[in-house]
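Please open the model in a viewer and keep the selection panel at hand. The tour below proceeds by selection, one stop at a time.

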Amino acid sequence: MLSLKKGVVSVFITKVLVAFIGLLTVVVTSRYLGAQGRGTISLFTSSVALVQLFCDFGSSSAIINLSYKINQWKLWLSAAIWILIIGLFAYLIAFLVPIEYVFWVPIVAVLFSVLNLNNMLLMGNRMVVQRNVLLVLQPVLLLIIFTGFVYFEYLINIAYPMAFLLAVSLTFLVSAFFIVPKLKAAASQMLSFRFEKQILTNGLWVQGGHAIQFLNYRINFFIIVFFIGNAALGIYNNALVIAESLWILGHSIGQMMHMKILNSDNPIEHRNLTFRMLLLNFSGTMVMLVVLLLIPVSFWEWLFSKEFGRIKILFFAMSPGILFFSISNILNHFFHAKNQFKFILVVNLVGLFVGITGSFIFIPLYGLVGACISWSSALTVSMLFYLYRFFRQPFSNTQGIFGE
């Protein structure tokens with residue numbers, strides 16, 4: 001198994017590459033499609049993520065924990081059955097939803113969820129390098145394929161969803177190459193198959209929390225479109241892409257810390273490790289945030305186009321949320337490793353309530369700045385709950401009142 005330091009560096013480099021490639025894709029789509037087109041893409045990708053949320057009730061990150069206890073072929077097959085059921089249901093609903101590219105959504109979501117399932121099993125098998133390859137490959141393919149469509153003026157009306165589908169499909173094939181040997185070995189040890197209900201039991205709490213967290217991050221998309229329009233959403237989404245890239249360090253630290261805790265039974269070591277990683281992530285995020293705020297408006301206008309000149313003021317309004325989530329991110333991984341999914345769900349519910357309330361108050365008053373304020377408010381409240389819980393955690397007995 002990779003050491004914590006090497007693992008963090010490996011995952012961090014991978015996520016930096018992914019963020020950089022994602023930024024290039026944002027630049028290409030912004031320049032080619034403008035703010036209005038970016039808004040349409042944002043609705044499409046958010047719709048994919050929404051369907052994927054329900055698919056991932058059967059293939060959540062709890063798969064990593066379960067892969068240490070349950071036959072992995074049984075896990076994969078059970079999760080795949082659930083994903084297909086949700087995909088079929090989503091396809092029926094698509095007939096009732098009047099948004100662009102809607103019929104592409106279920107197909108892309110199902111493929112993305114199975115790819116995510118393979119990634120979870122790779123992490124459970126400690127195949128971090130292979131998982132990192134997949135994380136980089138999908139956005140690289142998306143950028144190359146979409147740019148190719150634009151350059152050759154081919155399939156222009158459906159260039160982005162088609163590029164998205166092809167990129168996910170090709171990455172899925174590579175993931176199958178990595179995970180199939182492990183699944184074959186597990187299949188040879190399984191005498192009979194019965195749907196593994198525990199993926200849904202654990203997934204209910206894990207993905208329930210993620211579903212609420214998704215709404216915390218993305219509910220503003222739909223409210224912005226309602227109050228302001230697609231072009232405003234395009235500007236907001238670009239700002240959010242940049243802001244979320246500052247969380248790369250925390251995601252990298254948190255994932256490796258999660259694996260370290262799962263492979264250790266010393267609660268005091270868990271506490272000390274988490275506290276060290278929390279301080280490291282907070283400091284690193286603070287430095288990156290200061291650099292972001294110092295970048296002049298002219299740079300963003302040059303990078304995206306003149307339509308995106310308002311983006312810098314949005315970064316200032318997002319700053320508290322960016323900084324405070326750097327704390328929540330690490331603590332979320334800690335409680336996840338401790339199987340305290342119910343507590344995570346409660347925190348996300350509180351954050352969702354604060355965020356939605358703030359959105360309907362501040363967006364009509366302050367527009368996109370109001371959207372950023374409501375977003376930051378939700379993340380700030382969530383952080384306070386996580387900190388309170390962590391410092392009251394009985395580390396001599398790691399299960400609290402919400403623990404499993």
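Contact here means heavy atoms within 4.5 Å. The model is a predicted one.

**First stop: T45**

Select T45, which is found in helix α1. Leaving out residues up to four places away in sequence, T45 touches Y160 and F164. Is T45 buried, partly exposed or exposed? Its relative accessible area is 24%, so T45 counts as partly exposed, since the buried class is reserved for values under 20%. Now add S188 to the selection: T45 and S188 lie 143 residues apart in sequence, and their C-alpha atoms are 38 Å apart in space.

**Second stop: Y160**

Move next to Y160 and display its surroundings. Which residues does Y160 contact, once its neighbours within four places in sequence are set aside? They are T25, T29, I41, F44, T45, L142 and F146.

**Third stop: the nonpolar cores**

Y160 also belongs to the largest nonpolar core, a set of 53 residues. Select F44, I63, W76, Y160 and F164 together to see the members with the most contacts inside this core. Colouring by helix is useful here: at least two residues of the core come from each of α1 (4–55), α2 (62–66), α3, α4 (105–124), α5 (128–151), α6 and α9 (248–262). The largest share, 12 residues, is supplied by α4. Then select I223, Y236, F308 and I311, which are among the 39 residues of a second, separate core.

**Fourth stop: α3 against α6**

Return to the helices and select residues 72–94 for α3 and 159–187 for α6. Their axes come within 7 Å and cross at roughly 110°. The range of 65 to 115 degrees counts as roughly perpendicular, and α3 and α6 are therefore roughly perpendicular to each other. To view the contact itself, show the side chains of Q72, W73 and W76 in α3, together with K182, L183, A186 and A187 in α6, which they meet. By residue class, this contact comprises five nonpolar residues, one polar and one charged. W76 thus appears at two stops, being also one of the residues with the most contacts in the largest core.

**Last stop: cysteines**

Finally, select C55 and C372. C55 has a relative accessible area of 0% and is therefore buried. C372 is likewise buried, because its relative accessibility is 0%. How many disulfides does a search of the whole structure find? The search finds zero. A disulfide is a covalent bond joining the sulfur atoms of two cysteines.

Notes. Residues are numbered from 1 along each chain as its sequence is written. This is a predicted model: local features need pLDDT of at least 70, side-chain atom pairs count only at pLDDT 80 or more; totals for chains, interfaces and linings use all residues. Side-chain values use heavy atoms; hydrogens and water are left out. Axes are lines fitted to C-alpha atoms, for helices over the stretch in contact, and angles run from 0 to 180 degrees between N-to-C directions. Helices (H or I, at least four residues) and strands (E, at least two) are DSSP runs, numbered from the N terminus. Angles under 35 degrees count as roughly parallel, over 145 as roughly antiparallel, 65 to 115 as roughly perpendicular and the rest as oblique. Ala, Val, Leu, Ile, Met, Phe, Trp, Tyr, Cys and Pro count as nonpolar, Asp, Glu, Lys and Arg as charged, and the others, Gly among them, as polar. A disulfide is a pair of cysteine sulfur atoms within 2.5 Å. Buried means under 20% relative accessible area, exposed over 50%, partly exposed in between (1.4 Å probe, protein chains only). A nonpolar core is a set of buried Ala, Val, Leu, Ile, Met, Phe, Trp, Tyr and Cys residues joined through side-chain atoms within 4.5 Å.
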